[in-house]
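Biologist: Could we go through this fold step by step, with the general idea of each feature before the particular case?

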Amino acid sequence: MTDPGSTGVTVLGLGAMGSTLAATLLDAGHDVTVWNRSPERAAGLSARGAEAAAAVGTAVAAHPLTVACLLDHASVHETLDPVIAGMRGSTLLNVTTTTPNEARELDTWAAGHGVRYLDGAIMATPSMIGTPEASILYSGSAEVFADLRPVLDRWATSTYDGEDSGLASLFDLAMLSGMYTMFAGFLHGAAMAGSAGMTATEFAARATPFLSAMTFAFAHDAAVVDGGDYTVAGQQSLDFSDLSHIVRASEEQGVAPVPVAAVQELISKQIAQGYGAEGFARIYESLRTDRTDRTDRTDGTDGTDRVETLR
Ligand code: FVH
């Protein structure tokens, strides 16, 4: 393809995010063609200078780069299946949220039709797009990432995670998993405090500095996990970390203990296997998948032999 930094871009999907991506490109001087299943959503962008295509086939034919920002994996196929054969030689950037395997499937499917593919995972809200705080992860072809860089950098800080097109999605969803479980923990705490009349707002004011201060421990736990030795000094032991009193307190207050009970289950599993004296980070062993990259373990194994016995 020719220089995508100066040529036009087609954006499919004009929800909150797709509209913002298209508007940012328009503001930066790109020719932008847009298409949306419900055509009325294109009106605002048309008024700003975008070409609104009546048919998806017309939209993807307009430019060498098509950006799909749709609801989910199924909607990408629903939209592009009828027109993919005509996209040979063009580039598809998919920033629709998918699972890693769904991203890989789209990559293979696009390649089968002679379409270059890059997967993107947006780690930002629409209002953050175009600011340095916005981050978008990419994976798939390094060549495509390099070619598209002038476009990608209009939106956010661009990070390339590798040739495996599922990686951007994987790392995005991994971070979202951490975020959502943290919020669930916060809201469970708010419900406990709320059982005594404290408002969630008051609880947030108290919890925010405390929880923020605790995040220093991520790096420490990460070093222990990567070292593979949960006996190193300076860790809070699993025995000490027993959370059954929090579960009981929650139940006594009539609050469902679901988030903290899930953590306690992981702790109990490791204690039952005889690791109570080892560090809290060891619950990672009950969660992790079989990893072939752990050739640097202190016990000289890759750790895969232990997976069956630890879970
Ligand atoms: N908005 C955000 O903050 C998040 C940030 C992180 C990444 N996500 C992902 O971005 C994708 C699009 O998100 P969105 O916010 O634009 O989503 P909506 O406003 O709900 O718009 C959805 C668009 O998808 C179209 N659509 C839905 N189903 C189909 C279909 N079967 N065929 C064709 N198009 C479809 C929908 O069209 P319409 O309902 O207006 O006709 C919207 O254009 C998403 O993957 C987020 O997870 C955003």
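Modeller: Let us begin with a single pair of residues in the sheet, keeping in mind that this is a predicted model. Leu118 stands opposite Gly140 in strand 7, and that pair belongs to the ladder in which 6 bridges join strand 6 to strand 7, the two strands running antiparallel.

Biologist: What does strand 7 pair with besides strand 6, and in which sense, parallel or antiparallel?

Modeller: Strand 7 is joined to strand 8 by 4 bridges, and these two strands run parallel; in this ladder Leu137 stands opposite Thr159 of strand 8. Strand 7 is also mostly covered, with 5 of its 6 residues buried.

Biologist: How should I place these ladders in the sheet, and in what order do the strands lie?

Modeller: The general idea is to follow the pairings from strand to strand until the chain of neighbours ends or closes. Here 8 strands form an open sheet in the order 3-2-1-4-5-6-7-8, with mixed pairing. Its edges are strand 3 (51–52) and strand 8 (157–160), each of which pairs on one side only.

Biologist: Which strands pair with strand 1, and over how many bridges?

Modeller: Strand 1 (residues 9–12) pairs with strand 4 (residues 65–68) in the parallel sense over 4 bridges, and Val11 has Val67 as its bridge partner in strand 4. Strand 1 also pairs with strand 2, again in the parallel sense and over 4 bridges, with Val9 standing opposite Val32 in strand 2.

Biologist: When I look at the two faces of strand 2, are they covered or open?

Modeller: For a strand, it helps to list the residues of each face separately. In strand 2, Val32 and Val34 lie on one side and Thr33 and Trp35 on the other, and all four are buried, which leaves both faces covered.

Biologist: Turning to the helices, how do I judge whether helix 5 has the length expected of it?

Modeller: One compares the distance between its end C-alpha atoms with the span expected from its residue count. The 13 residues of helix 5 should span 18 Å at 1.5 Å a residue, and because its end C-alpha atoms are 18 Å apart, the two values agree. Helix 7 (residues 167–194), with 28 residues, can be read likewise: its first and last C-alpha atoms are 40 Å apart, close to the 40 Å expected. Just after helix 5, Gly114 takes a positive phi of about 70°.

Biologist: Which residues of helix 5 are buried, and what covers them?

Modeller: A general point is useful first: an α-helix has 3.6 residues a turn, so residues three or four places apart point the same way. In helix 5 the buried residues are Pro100, Ala103, Leu106, Asp107, Trp109 and Ala110, and their cover includes helix 4, strand 5, strand 6 and helix 7.

Biologist: Why is Ala103 classed as buried, and what does Ala103 touch?

Modeller: Ala103 counts as buried because its relative accessible area is 0%, against a cut-off of under 20%. Leaving aside residues up to four places away in sequence, Ala103 touches Thr98, Tyr117, Asp119, Ser165 and Gly166. The C-alpha atoms of Ala103 and Asp164 are 9.3 Å apart, although 61 residues separate the two along the chain.

Biologist: Why does His245 fall in another class?

Modeller: His245, found in helix 10, has a relative accessible area of 43% and is therefore partly exposed.

Biologist: How is cover distributed on helix 4 and helix 7, and which elements supply it?

Modeller: Helix 4 (residues 73–80) is mostly covered, with 6 of its 8 residues buried: His73, Ser75, Val76, His77, Thr79 and Leu80. Their cover includes strand 1, strand 2 (32–35), helix 3 (56–62), strand 5 (91–94) and helix 5. The buried residues of helix 7, among them Leu167, Phe186 and Ala193, pack against helix 5, strand 6, strand 7, helix 8, helix 10 and helix 11.

Biologist: Which totals would you set beside these local readings?

Modeller: The protein chain has 13 helices and 8 strands, and buried residues make up 42% of its 311 residues. Of the contacts with a separation of 6 or more, 60% come from residues 24 or more positions apart. The chain exposes about 15,400 Å², 59% of it supplied by carbon and sulfur atoms.

Note on methods
Residues are numbered from 1 along each chain as its sequence is written. This is a predicted model: local features need pLDDT of at least 70, side-chain atom pairs count only at pLDDT 80 or more; totals for chains, interfaces and linings use all residues. Side-chain values use heavy atoms; hydrogens and water are left out. The expected span of a helix is 1.5 Å times one less than its number of residues. Buried means under 20% relative accessible area, exposed over 50%, partly exposed in between (1.4 Å probe, protein chains only). Contact means heavy atoms within 4.5 Å. Accessible areas come from the Shrake-Rupley method with a 1.4 Å probe; for residues, only the protein chains shown count as cover. Two strands pair if DSSP finds at least two bridges between them.
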